Amino acid sequence: MEGSAGLKHKHLEFTLAAVSELSSSSVCSSSPTPVIARFSADGGVTELRFHQDSEFLDGFNVDLGTSQLFKLGPVQSLCVSESSDTNKEKSYSRGVTIKFRNEEESRDFHSAFEQWQKEDVIEGTHLPNGAISASKSKFDNKIEPSSAKMYFHYYGQLLHQQNMLQDYVRTGTYYAAVIENRADFTGRVVVDVGAGSGILSLFAAQAGAKHVYAVEASEMVEYARKLIAGNPTLGQRITIIKGKVEEVDLPEKADILISEPMGTLLVNERMLESYIIARDRLLVPNGKMFPSIGRIHMAPFSDEYLFVEIASKALFWQQQSYYGVDLTPLYGSAFQGYFSQPVVDAFDPRLLVSPPMCHVIDFNEIKEEDLYEIDIPLKFVASVGTRVHGLACWFDVLFNGSTVQRWLTTAPGAPTTHWYQIRCVLSQPIYVMAGQEITGQLHMIAHNAQSYTIHLTLSAKMWGPGAEQGGILQTSSCKLDLKEPYYRMSQPQPYTMAQDQQPHQLLQAQDIPIHTEDLEETELLQQPSENSGAQLQ
């Protein structure tokens, strides 16, 4: 084996016992002349090619970006690749059988194959404005193609863009954050990451931006062109580019990035990663990001109505004679299935059992890889004695402008947004007393369907005399898929407040030390809107 790890070298070679094409009877044997397998990254394209007598074997080249390697035995493997014939319209699958001289060389080859696939990157290429490389980008390498297709199809439809535009909390806060900070935009180059309809690009132009590059990967780009063409005074300073921020190159760096990358629980859809990649690729050093900070807020909650509602859904599977069929064998699976769905709705903040805590994500500093796995230790002190049914979560983001710092919040009790709030419901609630400590962990692992698997554990510690020497009384855990929520999305329902429970006891902001001229989160949470207040009487 020659060469070293990484793609800085030109090639990496292995000597094989034999290689043959799966659809052919032709075999290239190691006798009398050995067959060499060569990994190469010429021109930014990573390939596996085979040659014998210093000549490459036609039809045996493999594109690592679209290939998989399977072990058939200790010294035999199958490489399946999707290849394209220029004389045919469709791509087709093909396979190459590889035989190694010994098991050690087989293991080394598999390790090298995986390493070269991971490092399948664009190297040393300079693309014109808006051009896209044929090599797979970071986005393509970590996201399932079917998920990406559905994602871009969804955001390519005007009705979904309208839903977001009509979220006046969202759109109005972005507008205010931009216009109130004209000093940050006037005469500056701006990149709109995931521009959608182009509304944020138009806001930036209104604020005096020198030029705005609106990058959008979905078919919404055509509607954005129409909208911007229909506003020529602003549109003359806006360039629409179709592509992913992981792939496009721009003629100049941006002074400011603006984007709306937030999903449910802040991180759903994994667009925050694209926002961070855009920072690293397209933003000047110490450039501004709108927004610049995100916070995930969490607090345990008690909601008997919601718990019964979810548990009742599985009662269908308790029927012992449904058209003569006993459904009960599936009851347990159905019960756990319903509790694996995070609940998306707007809830009464008086359901919270303790003051919230928050996890801060600084978009200026965080690395993209840090978003692959998020681990949040939980610690609360119960304000009331009740049953805890799970963990309630919401988020806010900060626009840290030079003139005005403005927060966009999705908190319960604040005006409802299209994000609502999210609750992770335990199938086994835990009991707590006022003053009792609740500990746990919220562990989120990103997956290739552009979302996260959530692992939640909540525990109640011993309470009262001798608690310092005691341990855990109760523990309850659940596993949820953020990709498959239960969209309940009802408005807050009237609940009876316990005599010892007051709203101001539960929702006290735990702000990071950032001064803002805008409404503080404490005030916002303690003063529900007029409409929601009428419902909570």
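**Exercise 1. Establish how strand E12 pairs with E13, and place both in their sheet.**

Strand E12, which covers residues 211-216, pairs with E13 in the parallel sense over five bridges. The model examined here and in the exercises below is a predicted one. Within this pairing, Ala214 is the residue that stands opposite Ile240 in E13. Stepping back to the whole sheet, one finds five strands in an open arrangement with the order E13-E12-E11-E14-E15 and parallel pairing. Strand E13 (238-242) and E15 each have a single partner strand, so they stand at the edges and one side of each is left without a neighbour in the sheet. On average, with direction ignored, neighbouring strands of this sheet are turned by 25 degrees against each other.

**Exercise 2. Describe the sheet that contains E24, beginning with the strand order and ending with one residue pair.**

The order E19-E23-E24-E25 describes an open sheet of four strands, whose pairing is antiparallel. Its edge strands are strand E19 (373-381) and strand E25 (472-481), each of which pairs on one side only. The average turn between neighbouring strands here, again with direction ignored, is 15 degrees. Looking next at a single pairing, strand E24 (residues 451-461) is joined to E25 by nine bridges, and the two run antiparallel. At the residue level, Ile454 stands opposite Leu480 in E25.

**Exercise 3. Decide whether strand E4 is enclosed or open to the surroundings, and identify a bridge partner in E5.**

The first step is to count buried residues, for which the cut-off is under 20% relative accessible area. Five of the six residues of strand E4 (residues 35-40) are buried, so the strand is largely enclosed by the rest of the structure. The second step concerns the pairing: six bridges join E4 to strand E5 (residues 47-52), and these strands run antiparallel. Within that pairing, Ile36 has His51 in E5 as its bridge partner.

**Exercise 4. Classify the ring pair Phe14 and Phe109, and then treat Tyr174 and Phe399 in the same manner.**

The structure holds 22 aromatic pairs. In the case of Phe14 and Phe109, the centres are 5.3 Å apart and the planes stand at 75 degrees, an edge-to-face pair. Because Phe14 belongs to strand E1 (residues 11-16) and Phe109 to helix H1 (residues 103-118), this pair ties together parts that are 95 residues apart in sequence. Both rings belong to buried residues, Phe14 having 6% relative accessibility and Phe109 a relative accessible area of 0%.

For Tyr174 and Phe399, the ring centres are 4.7 Å apart and the planes are at 75 degrees, so this pair is edge-to-face. Distant parts of the chain are linked by it, since Tyr174 lies in helix H5 (residues 168-179) and Phe399 in strand E20 (residues 386-400), 225 residues apart. Tyr174 is buried at a relative accessible area of 1%, and Phe399 is buried at 1%.

A final step returns to Phe14, which ring pairs link with Phe39, Phe100, Phe109, Phe113 and Trp116 into a cluster.

**Exercise 5. Determine how helices H5 and H7 are oriented to one another.**

The axes of H5 and helix H7 (residues 199-206) come within 9 Å and cross at roughly 25 degrees. Angles under 35 degrees count as roughly parallel, and H5 is therefore roughly parallel to H7. The crossing in which H5 passes H7 is right-handed.

**Exercise 6. Locate the charged groups that lie over aromatic rings in the cases of Trp407 and Phe301.**

Over the face of Trp407 lies Arg295, at 3.9 Å from the ring centre. The ring of Phe301 has the charged end of Arg423 over it, 5.0 Å from its centre.

**Exercise 7. Examine the backbone at Pro291, Leu265 and Tyr323, and state whether the latter two residues are buried or exposed.**

Phe290 and Pro291 are joined by a cis peptide bond with omega of about 5 degrees, and Pro291 lies in the loop between strand E15 (283-290) and strand E16 (293-301).

Leu265, although it is not a glycine, has a positive phi of about 60 degrees. Its place is in the loop between strand E14 (254-259) and helix H10 (271-282), and at 3% relative accessibility Leu265 counts as buried.

Tyr323, likewise a residue other than glycine, has a positive phi near 55 degrees. The loop that holds Tyr323 runs between helix H11 (304-313) and helix H12 (331-339), and with a relative accessible area of 76% Tyr323 is exposed.

Notes. Residues numbered from 1 in each chain as written. Predicted model: local features only at pLDDT ≥ 70, side-chain atom pairs only at ≥ 80, totals over all residues. Heavy atoms only, no water. Pairing = 2+ DSSP bridges. Axes fitted to C-alpha atoms, helices over the stretch in contact; angles between N-to-C directions. Phe/Tyr/Trp six-rings, centres within 6.5 Å; stacked < 30°, edge-to-face > 60°. Buried < 20%, exposed > 50% of the residue type's maximum accessible area, 1.4 Å probe, protein only. Lys NZ or Arg CZ within 6 Å of the ring centre and 35° of its normal. Parallel < 35°, antiparallel > 145°, perpendicular 65-115°, else oblique. Left-handed = near helix turned anticlockwise from the far one by under 90°.
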